[in-house]
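Let's take a friendly walk through this structure together. The ligand site comes up before the helix packing.

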Amino acid sequence: MTQGVATLDIERPQHRPSDPLVDPFGRSISYLRVSVTDRCDFRCVYCMAEDMTFLPKADLLSLEELDRLCGVFIARGVRKLRLTGGEPLVRRGIMTLVSSLSRHLAAGALDELTITTNGSQLAKYAGELATHGVERINVSLDTLDPDKFRAITRWGELDKVLAGIDAALAAGLRVKINAVALKGVNEDELGDLAAWAHGRGMDLTIIEVMPLGDIGAGRLEQYLPLSVVRARLSQRYTLEEIDYRTGGPARYVKVKETGGRLGFITPLTHNFCESCNRVRVTCTGTLYMCLGQEDAADLRTPLRLSPDNDVLEQAIADAIARKPKGHDFIIDRRHQHPALARHMNVTGG
Ligand code: SAM
């Protein structure tokens, strides 16, 4: 594994700006996830330590810089853009960015602009998201039990999130619920969560906990392989294989009894790196070519070096040329320490 953020090697650009981004394994990079802030109004126990130190605001890319950076990726073939965090809806002025990025939807250069949110601010923003062309959103919700919700998020309020989901559905947004499977916490609830989500016309995706960042507790205690979850759900439901894909890593089944879709994201028990089409940019302009590797490229320096995009485009092309084949997360008795020091709020999952 290569370590650290690569520094900029300023040379004359060799690519043509319209070249699509293709990595050494022939995978086209069509999906960009942008973490617009590392801050969050929750402290989910599997995501962050309780006493997180956040980046100084001065280190963050401005909304204008984020907009320009996204524009360069879109010009190079990115068709799907997801804003994430931290909590993207706590970034001040976030709707200015969403509004500005929506021009790429209108121009047909982007197929989808979407967001992953904890839902706490959705009641306020759902209508505006819909106005700006956002059609689908992911809301992270691991439990419907208010006490468990507070324990998982450390200080979140379930009612607020449920009101946010109501507002999103009322605004016409399609909502997918993402739940992290947590041993001994929500494992008995996942079937009910599916029934609830499907009853409201929402898909549910269940995610395996990943060993990212020091969270002050052993991962082994949290880790629940989705092979186990799926086997248990199969006792209650008929899970029918379907081809449905959203461009992300989830593999879906249809639940015959509810008629709804159920996705599984299994970075540990079965990774899908061979079809990875994604890269991630942090709020400081660091590009990670793989969620599960440390190698990264600094895009803030080239972004600020010149108002034209040549150097920036070259830095992106150089980084994509190093995209690794995949990650190799392991959680077992010998591997309880984080695979990577970086917490999930840096790259946003
Ligand atoms: N605040 C937003 C939210 O809650 O959706 C966006 C950022 S959050 C980091 C994105 C997703 O990553 C959430 O669904 C969260 O549950 C998930 N997540 C965080 N840490 C994780 C971990 N260690 N393993 C698996 N999923 C994780």
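## Ligand site and helix pairs

In this predicted model, an oxygen atom of the ligand sits 3.4 Å from a polar backbone atom of Thr117. A nitrogen atom of the ligand also has a polar partner in Glu87, where an N or O atom of the side chain is 3.0 Å away. Met210 takes part through its backbone: one of its N or O atoms lies 2.7 Å from a nitrogen atom of the ligand. On its own, the ligand has 550 Å² of accessible area, and the protein covers 94% of that.

Who else is around the ligand? The shell holds 17 residues, and Tyr46, Gly86, Glu87, Ser140 and Met210 are the ones that come nearest. By character, the shell residues divide into six nonpolar, eight polar and three charged.

Now for the helices. Two packed helices are described by the distance between their axes and the angle between those axes. Here are two pairs to look at:

| Helix pair | Axes come within | Crossing angle |
|---|---|---|
| α3 (residues 122–131) and α5 (residues 158–170) | 8 Å | roughly 15 degrees |
| α1 (residues 63–75) and α2 (residues 94–106) | 10 Å | roughly 20 degrees |

With its crossing angle of roughly 15 degrees, α3 is roughly parallel to α5, because angles under 35 degrees count as such. The crossing in which α3 passes α5 is right-handed.

For α1 and α2, the axes cross at roughly 20 degrees, and therefore these two helices are roughly parallel to each other. Their crossing, that of α1 and α2, is right-handed.

How values were computed. Residues numbered from 1 in each chain as written. Predicted model: local features only at pLDDT ≥ 70, side-chain atom pairs only at ≥ 80, totals over all residues. Heavy atoms only, no water. Near = heavy atom within 4 Å. Polar contact = N/O pair within 3.5 Å; in protein donor to acceptor, adjacent residues only side chain to side chain. Areas by Shrake-Rupley, 256 points an atom, 1.4 Å probe, with all protein chains shown as cover. Nonpolar A, V, L, I, M, F, W, Y, C, P; charged D, E, K, R; others polar. Axes fitted to C-alpha atoms, helices over the stretch in contact; angles between N-to-C directions. Helix = DSSP H or I, 4+ residues; strand = E, 2+ residues; numbered from the N terminus. Parallel < 35°, antiparallel > 145°, perpendicular 65-115°, else oblique. Left-handed = near helix turned anticlockwise from the far one by under 90°.
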